[in-house]
Amino acid sequence: MEIHWHRNDLRATDNVGLAAAESDVLPVFVFDDQVLDHGSPPRVAFMLDALAELRSWYREQGGDLHVAHGDPSAVLPDLAAEHGVETVHYNVDYSGLAQERDRAVRAALSDAGVSATTHQDALHHEPGSITTNAGDPYSVYTYFWRKWRDREKEEPYDAPEDIADVSGRSLPTLDELGFEEPTADVDEAGMTTARERLDAFVDGPIYEYAEERDDPATSKTSRLSPHLRWGTVGPRTVYAATERAAADAPDEDAAKSVEEFQGELAWREFYHHVLHFNPEVVTQNYKEYEEGIDWHDDPDEIAAWKEGRTGYPIVDAGMRQLREEAWMHNRVRMIVASFLTKDLMADWRHGYAHFRDHLVDHNTASDNGGWQWAASTGTDAQPYFRIFNPMTQGERYDPNAKYIREYVPELAGVNPDTIHSWHEADEETREFAAPDYPAPIVDHGERREQALAMFKRARGEDPDE
Ligand SMILES: Cc1cc2nc3c(=O)[nH]c(=O)nc-3n(C[C@H](O)[C@H](O)[C@H](O)COP(=O)(O)OP(=O)(O)OC[C@H]3O[C@@H](n4cnc5c(N)ncnc54)[C@H](O)[C@@H]3O)c2cc1C
């Protein structure tokens, strides 16, 4: 018997560690308080649902998922001793906290005479395998992408057949784990939903991805992010499906669209590589500013941003989608992140912490990468400071204000022109159109200038030049 220890890989198919367990595999999940301390209601709710489905799947195969609660450094050696297990398999988890835990587990298993075998599963190409010709990790995505795209990918792995039936505890409830029910309507979890989502996406929307992906109202992106986060679908399965879609593409534009989607899968891997080689970015700027950035950090402004009451309709719609669905459309994530860091001149760490608490798909690598990119402290290749105009962004990507009106009910009856010129409307117009919706809390033009000055000072330049 060999153990497979599930963590962020809550699936049976296309799971490298699980497939490597030779015979009579004993699948295990350990509720670890140290890791749970960093959880949030939407993420833990999604995880519990995914575990329930995984457990049912194992039971249908005549085995079981062994559920335990405690410190894995104690639980796993004990379980191995009880069942005469010599090898414990698990897939690498790239977050700093997990790496620390895994070192302790490996040492405890070794002391107990059990070998720990790790596998690269979550990414196609592990950190260190895609580098510059000099062997350095890439800091610019475009170069990384070209190599990532041309590198051969593995095929999906089969599910195991021979599964041990060693049940442990029953699955705990959210309440038992100390979490409240999420207030958001969290996406359905599990391998079946992930598969259905993927199939539906590659069956059509993938061909329009390039054209439609920036439109938050039509929601034509894959919405696979919580599944990739929790591993309810394997990256090889996703990629193989995109390759089949590319082969069946009706025309060149459709094939290009598939490639654009693959490019997004590569962004996820790029940020995992960045985090792996720069673990300090979780708390520190990736890009150095010699004088440091003197963030404005006004608590009332930050609170208005979190609540979706900034008076900038596209920003507020995004922040409310986050609260309602524990997810936000990518274009809008970029807009709200730019707004927080440039218009409100607030430290990206406030935004990162808020996203971490609310996003069902939060993973340290992508969330940190996204925030630092938006804040001009990260890997953005733009030499100067990118500052989005929230009004023109709203007008361009949500011209009919369909998305805005869906998430900001105060504006539901207001026409798109008034919504997109909310910053210019006088008090009387605003009072008449939407009395409960706030006036803009800051002036974009003024803040743009102040933000540029803030970044210039951070670079040691004269802000007046
Ligand atoms: C400030 C900010 C924070 C973010 N935080 C997260 C996060 O915590 N977790 C997360 O998965 N993504 C994060 N993203 C990236 C992106 O917004 C989401 O991956 C995407 O919106 C998920 O929706 P989807 O699955 O429909 O994406 P699709 O457009 O269908 O893309 C498919 C997959 O590619 C990956 N992907 C797409 N875009 C990106 C990107 N820019 N960076 C990294 N991976 C990407 C995701 O795994 C996604 O599921 C963040 C972006 C920003 C700007």
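Helices here are DSSP runs of H or I with at least four residues, numbered from the N terminus. In this predicted model, T379 lies in the loop that joins α16 (364-374) to α17 (390-397). Although it sits in a loop, T379 is buried, with a relative accessible area of 9%, and the cut-off for that label is under 20%. Apart from its neighbours within four places in sequence, T379 touches S139, F270, Y271, V274, Y286 and W373.

A second loop residue invites a similar look. L411 belongs to the loop between α18 (402-407) and α19 (416-420), and with a relative accessibility of 0% it too counts as buried. Once neighbours within four places in sequence are set aside, the contacts of L411 are P313, I404, R405, I419, W422, A434 and Y437. One of these partners, A434, is 23 residues away from L411 in sequence, yet the two C-alpha atoms are 6.1 Å apart in space.

P313, a contact of L411, also belongs to helix α13, which spans residues 313-325. This helix has 13 residues and reaches 18 Å from its first C-alpha to its last, close to the 18 Å expected at 1.5 Å a residue. Eleven of its 13 residues are buried, so α13 is largely enclosed by the rest of the structure. The buried set consists of P313, I314, V315, D316, A317, G318, M319, R320, Q321, L322 and E325. Among the elements covering them are α12 (299-307), α14 (330-343) and α15 (348-358), along with α17, α18 and α19. Just after α13 comes A326, which has a positive phi, near 60°.

Helix α4 (residues 72-83) can be read in the same manner. Its twelve residues reach 16 Å from first C-alpha to last, close to the 16 Å expected at 1.5 Å a residue. Buried in α4 are P72, S73, V75, L76, P77, L79 and A80. Their cover includes the strands β1 (2-6), β2 (25-31) and β3 (66-69), as well as helix α5 (96-111).

Finally, a pair of helices can be considered together. Two packed helices are described by the angle between their axes and the distance between the axes. For α7 (residues 191-202) and α10 (residues 235-247), the axes come within 10 Å and cross at roughly 20°; the two helices are therefore roughly parallel to each other. Their crossing is right-handed. On the α7 side, R195, L198 and V202 take part, meeting T237, V238, A241, T242, R244 and A245 of α10. The residues of this contact comprise five nonpolar, two polar and two charged.

Technical notes. Residues numbered from 1 in each chain as written. Predicted model: local features only at pLDDT ≥ 70, side-chain atom pairs only at ≥ 80, totals over all residues. Heavy atoms only, no water. Axes fitted to C-alpha atoms, helices over the stretch in contact; angles between N-to-C directions. Parallel < 35°, antiparallel > 145°, perpendicular 65-115°, else oblique. Left-handed = near helix turned anticlockwise from the far one by under 90°. Contact = heavy atoms within 4.5 Å. Nonpolar A, V, L, I, M, F, W, Y, C, P; charged D, E, K, R; others polar. Expected span 1.5 Å × (residues − 1). Buried < 20%, exposed > 50% of the residue type's maximum accessible area, 1.4 Å probe, protein only.
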